[in-house]
Amino acid sequence: RALVAARRKAALQQTEVAKRLSRSQAWVSKVDSGERRFYAGEFVQLAAAIGTALVAWLRKAVQTSKGT
């Protein structure tokens, strides 16, 4: 959910993120929905593609998972 929120805040479509990562839109969709997990290196690449601060994004993701 933090990924989707960050992508939307950056006003990016899945297709634009996919293009920046040289991935398919379907790959981004699966990551967005939680259907596909991603590795630490992919996490860093996703944050860079969206243009969000990695630490801030990680903090938000942890807070979201705790329900706070």
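Among the contacts in this protein with a separation of 6 or more, 44% join residues 24 or more positions apart. Keep in mind as you look around that this is a predicted model.

What are those contacts built on? Let's turn to the secondary structure. The protein has five helices and zero strands, so from the N terminus on the order of elements reads simply α-α-α-α-α. The radius of gyration is 11 Å, close to the 11 Å that the globule rule gives for 68 residues, so the protein is as compact as a globular protein of that length. If you like to picture a box, the C-alpha atoms fill one of roughly 30 × 25 × 20 Å along the principal axes.Now step inside. Buried residues make up 31% of the 68 residues, and the largest nonpolar core has 16 members. Within this core, L3, V17, L21, W27, L46 and W57 touch the most other members. Two or more residues come from each of α1 (2–9), α2 (14–21), α3 (25–33) and α4 (40–50), with α4 giving the largest share, five residues.

W27 is a good residue to click on next. Leaving aside residues up to four places away in sequence, W27 touches L21, R36, E42 and L46. Two of these partners, L21 and L46, are also among the core residues that touch the most other members.

Finally, come back out to the surface and the charges. The protein exposes about 4800 Å², and carbon and sulfur atoms supply 51% of that area. There are 13 positive and 4 negative side chains, and the centres of the two sets lie 7 Å apart.

Terms used
Residues are numbered from 1 along each chain as its sequence is written. This is a predicted model: local features need pLDDT of at least 70, side-chain atom pairs count only at pLDDT 80 or more; totals for chains, interfaces and linings use all residues. Side-chain values use heavy atoms; hydrogens and water are left out. A nonpolar core is a set of buried Ala, Val, Leu, Ile, Met, Phe, Trp, Tyr and Cys residues joined through side-chain atoms within 4.5 Å. Buried means under 20% relative accessible area, exposed over 50%, partly exposed in between (1.4 Å probe, protein chains only). Helices (H or I, at least four residues) and strands (E, at least two) are DSSP runs, numbered from the N terminus. Contact means heavy atoms within 4.5 Å. The radius of gyration is taken over C-alpha atoms; the globule rule is 2.2 Å times the number of residues to the power 0.38. Accessible areas come from the Shrake-Rupley method with a 1.4 Å probe; for residues, only the protein chains shown count as cover. Lys and Arg count as positive and Asp and Glu as negative; His and the chain ends are not counted. The place of a charge is taken as NZ of Lys, CZ of Arg, CG of Asp or CD of Glu.
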